[in-house]
2 protein chains.
Amino acid sequence: MNAVGVIVEYNPFHNGHAFHLKASKEAANADVVIAVMSGNFLQRGEPALVSKWYRTKMALLNGVDLVFELPYRFAVQKAETFANGAVSILDAACCESVCFGSESGNISDFYQTINFLREHKQPFEGNIHQFIDTGVSYPKAVSLAFKQLANSEKYLDLAKPNNILGLEYIKAVNEQKSRIQPLTVPRKNADYHDEHFSSETIASATSIRKAIFSKLDGKTEIDQYVPEPTKQLLKDYLHHYLVFHQWENYWSYLQFRLLHTTPDDLREIYEMEEGLENRLLAAALEAASFQEFMRKVKTKRYTWTRLQRLCVHILTNTPKKEMNNQLGTASYLRLLGMTSKGREYLNKNKKNFSLPLVSKLSSFKDNEILLDVRASRVYSLGVPNQLKNEMIKQEFTQPPIYIK
Amino acid sequence: MNAVGVIVEYNPFHNGHAFHLKASKEAANADVVIAVMSGNFLQRGEPALVSKWYRTKMALLNGVDLVFELPYRFAVQKAETFANGAVSILDAACCESVCFGSESGNISDFYQTINFLREHKQPFEGNIHQFIDTGVSYPKAVSLAFKQLANSEKYLDLAKPNNILGLEYIKAVNEQKSRIQPLTVPRKNADYHDEHFSSETIASATSIRKAIFSKLDGKTEIDQYVPEPTKQLLKDYLHHYLVFHQWENYWSYLQFRLLHTTPDDLREIYEMEEGLENRLLAAALEAASFQEFMRKVKTKRYTWTRLQRLCVHILTNTPKKEMNNQLGTASYLRLLGMTSKGREYLNKNKKNFSLPLVSKLSSFKDNEILLDVRASRVYSLGVPNQLKNEMIKQEFTQPPIYIK
């Protein structure tokens, strides 16, 4: 059985994702699709709209056959670390290819850009430093440095997060000496960060979330942009948990966490840079909401995403020493769900998996998974009081989702 | 001007307190009354019903002339540490006497008991250890050990918290070689922990709080037990802050704090004993309220009070190393409020105060006060969202209360 891997967040699963799945399967001529999906906290430093279990169901009902969790230590990270973790999981699960969506849809554009960057390493890095010295953020400096150097249309636009991710997937495959073949398929309309609807059936997850939060009675106008299972699962989630998750659900915890601590303590948190801790503490004293807090903290120097990730690490109490010990590549495959075809694949191939397969949390004792458990507990505190404990327990009691 | 000191919590100020003040002033033949009052968290490990500022007003409108804050590091502590801190403050503020209420109302009963304990130190301590080995709590073991040894009515009943406190005040005066004279006046009815009303005008603070929380519309039947200013100030507080403070207001923070941490981290908290951290973590996963949490954690070995104090230290993130560095006696006099007579006393005597007088937090840079600031911030998180920031700021902006 030939498996193609996809690296996803599905926050929530929409028509663009369905298109990507179909195109990936065709491009790879694959029998099964394996998704590595972020858990409850995402790359942009946000809680997922609904829990990983509901997002797993969305995936399985829409064409994915196996879902593995991208552990917290890779999921809430910059592109390079994110890609390294995700690729190592697909590799361990014996995928023959990984397929990502891109504007160009042409894998040679990525190799060309990688080669160009390799050949121009020194001037590129010099440019980056120059731009950083002007006070802009790292991602901005990278994109400006590249534009200055490679002023041609045959190279990728590094201002687009999807291109950065694609490049990092390929670099991860190379560095890990993986046999996985990188593939790309063209994306349909809708920019990654688009906040508004522009097409008739395809919209970005960002714009879908925005529509959902603007109208919390479940009767949002997102129906045309998401497949039926997503629509139904979002409805079920709201009915059961009474909320969708967003940063504001966690603001009181973040504020408490900042106010009951000391700057010395805060400096231990992963991604905390010298001086930033005092900025966060001062803002926590003044702000009455997460949005207000972020506006007070934000500077040109740090991207919104970078700051949000830092805030997630504060919430999950993730210290530098724990993260720095654990980066690199994944050390387990946490199975979140499977279809019957996915199960068949597992039965045929698991003996060749290069990492332990975790279906039941209680029978896996590796310390590295504790961070995922902690993140999941913290995520559970975003639902109303009477539902918290049920959700906290789910992390240990929920078997992998199975869809026939 | 002759000053008598009283050591109080006023949670809230009631008729029994008014009686104690009047009797203390007479017994000491004093011109002014100086109160050392616990801040926002109290000896039994609970948030105060209303903030220290409102309780200061209650004190000043009912006969106290000067209110100093008993710092957190003494306030949320067992009797010995509590007494040491409080006495050191009264001593630094040049009080000539300290007067506490007791059942016996006779200071010689206290000296007799102290002498008896000194003479029977070894068998007493032996007895305590024997009782602890049967699995009971330390306070219970102390009271049983003493009863076994001194089976006579001429000694105090060490099962009564008020007697323990009285003894510790006298021991603190002796150990600090203070010139303060200890005095006691008889208490009127109402036991310290009484949960029910038994007299027509005197009720314990515990029963008053119970009545308040059983009926949150402000129309409680406590009017006959509290002076008019208390009644009015409680009404004002509820009107302004919409809540009275109790542990349940902080449960979600405590649960979050426990769930986002590791056992190793928790072991750093002051008063955490080996093994207790795992018990707390397990209970936090299951409990849906603070009361339920406490019932799961409670054993014969630990008193409810002891466990609640530990929970306050977790909330305020107070590590062993910070507390152990700072015990002993007070290092500043934080002025919370004064009457005009209190101000006169200050002007005449402050040059003789043996500790720095802090009227404005922003002009005092001693690190030791940071724990009080942290405690006050955490306390502020017990009010509704829209009022938190106002209350957080008050700690720095509020000048001492002044009542003409």
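In which helix of chain A is Lys393(A) found? Good morning, colleagues. I shall answer that question at once and then turn to the rest of the structure, which is a predicted model. Lys393(A) belongs to helix H19 of chain A, a helix made of residues 385-397.

How exposed is this lysine? Its relative accessibility is 37%, and because the partly exposed class runs between 20% and 50%, Lys393(A) counts as partly exposed. Leaving aside the neighbours within four places in sequence, Lys393(A) is in contact with Leu285(B) and Glu286(B). Within its own chain, Lys393(A) is separated from Ser376(A) by 17 residues in sequence and by 9.8 Å in space, C-alpha to C-alpha.

Those contacts with chain B lead me to the relation between the two chains. In general, two copies of a chain are related by a rotation about an axis and a shift along it. Here, a turn of 180° and a shift of 0.0 Å along the axis lay chain B on chain A with an RMSD of 0.0 Å. The two copies are thus related as by a two-fold rotation axis. In chain B, the C-alpha nearest that axis belongs to Tyr253(B), at 3.2 Å from it. The same surface serves both copies, in that 100% of the contact residues of chain B recur in chain A.

I come next to the aromatic residues. Over all chains, the structure holds 41 aromatic pairs. In one of them, the rings of Phe116(A) and Tyr155(A) have their centres 4.5 Å apart and their planes at 45°, so this pair is tilted. The pair links distant parts of the chain, 39 residues apart: Phe116(A) is in helix H5 of chain A (residues 107-119), whereas Tyr155(A) is in the loop between helix H7 (138-149) and helix H8 (161-175). Both Phe116(A) and Tyr155(A) are buried.

A further pair, Tyr253(A) with Phe256(B), is also tilted, with 5.0 Å centre to centre and 35° between the planes. This pair crosses between chains, from helix H11 of chain A to helix H11 of chain B, each comprising residues 251-259. Tyr253(A) and Phe256(B) are both buried.

Elsewhere in chain A, ring pairs join Tyr54(A), Tyr237(A), Tyr241(A) and Phe244(A) into a cluster. There are also charges over rings. Arg343(A) lies over the face of Tyr402(A), at 4.1 Å from the ring centre, and in chain B Arg343(B) lies over the face of Tyr402(B), at 4.1 Å from the ring centre.

Finally, let us consider strand S2 of chain B, residues 32-38. Is this strand mostly covered or mostly uncovered? Strand S2(B) is mostly covered, with 7 of its 7 residues buried. In a regular strand the side chains alternate between the two faces of the sheet. On one side of S2(B), Val32(B), Ile34(B), Val36(B) and Ser38(B) are buried, and on the other so are Val33(B), Ala35(B) and Met37(B).

Two strands pair with S2(B). Strand S1(B), residues 3-8, does so in the parallel sense over 6 bridges, and there Gly5(B) has Ile34(B) as its bridge partner. From S1(B) the chain crosses through helix H1(B), residues 15-28, to S2(B) in a right-handed β-α-β crossover. Strand S3(B), residues 66-70, pairs with S2(B) in the parallel sense over 5 bridges, and Val67(B) is the bridge partner of Ala35(B). The path from S2(B) to S3(B) passes through helix H2(B), residues 52-60, and this β-α-β crossover is right-handed.

Thank you for your attention.

Conventions: Residues numbered from 1 in each chain as written. Chains lettered and ligands numbered in written order. Predicted model: local features only at pLDDT ≥ 70, side-chain atom pairs only at ≥ 80, totals over all residues. Heavy atoms only, no water. Least-squares fit on C-alpha atoms with pLDDT ≥ 70 in both. Contact = heavy atoms within 4.5 Å. Buried < 20%, exposed > 50% of the residue type's maximum accessible area, 1.4 Å probe, protein only. Helix = DSSP H or I, 4+ residues; strand = E, 2+ residues; numbered from the N terminus. Pairing = 2+ DSSP bridges. Right-handed = clockwise from strand over helix to strand, strands pointing away. Phe/Tyr/Trp six-rings, centres within 6.5 Å; stacked < 30°, edge-to-face > 60°. Lys NZ or Arg CZ within 6 Å of the ring centre and 35° of its normal.
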